[in-house]
Amino acid sequence: MAVLRSRIKVGERILSAIPPEEWSAPRIPGYTFDKQLGKGTFGTVWKARQDETELDVAIKLIRPGLLTQDGLRRFDREVKIMAGMSHRCIALLYDSRFDDNYCYYSMEYIDGLPISQFVVRNELRTPEIVTLICDIG
């Protein structure tokens, strides 16, 4: 019974942290936000325009109030890993900021489907998925 109560409490915490259906567009100096591309428990991904360069970018924005110190460390590690990557199939990292007001990184915006949706939409079979993954790698 104690395990069940514990799991229910964890579930309630997760459900209370899930963002509302439509978070309002963020305001980050230097960016004009267009539309929300995706969302998760701790943040959202937006299509935006970098004002100075007029480039379309994708911005992964974390709500600082929703993250623990461990979560911020993981997010910081994600940024550092992305900054060190250079591959034709990985979006380039442009900018990041972590402080009391903002927790985000901006990256190259790539118009297209997530690979999971691409696979379903094109009804790919296992050999085709393996070939696709090998082509990416």
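This report looks at two pockets and one buried threonine in a predicted model.

Local features here need pLDDT of at least 70 and side-chain atom pairs count only at pLDDT 80 or more, while totals for chains, interfaces and linings use all residues. Residues are numbered from 1 along each chain as its sequence is written, and side-chain values use heavy atoms, with hydrogens and water left out.

Let's start with the pockets. A pocket is an open set of points on a 1 Å grid over the protein atoms alone, where a 1.4 Å probe fits, with protein on both sides within 12 Å along at least five of seven lines; lining residues have an atom within 4 Å of a point. A volume is the space filled by probe spheres set on the points.

| Pocket | Volume | Top contributor to lining |
|---|---|---|
| Largest | about 730 Å³ | α3, 3 residues |
| Second largest | about 180 Å³ | α2, 4 residues |

In the largest pocket, I110, G112, L113, P114 and I115 lie nearest the centre, out of 21 lining residues. The second largest has 15 lining residues, with F42, K60, I62, F75 and E78 closest to its centre. Strand β2 is one of the elements supplying at least two residues to that second lining.

Now for T44, which sits in strand β2, residues 43-50 (strands are DSSP E runs of at least two residues, helices H or I runs of at least four). T44 counts as buried because its relative accessibility is 2% (buried means under 20%, with a 1.4 Å probe and protein chains only).

How values were computed:
Buried means under 20% relative accessible area, exposed over 50%, partly exposed in between (1.4 Å probe, protein chains only).
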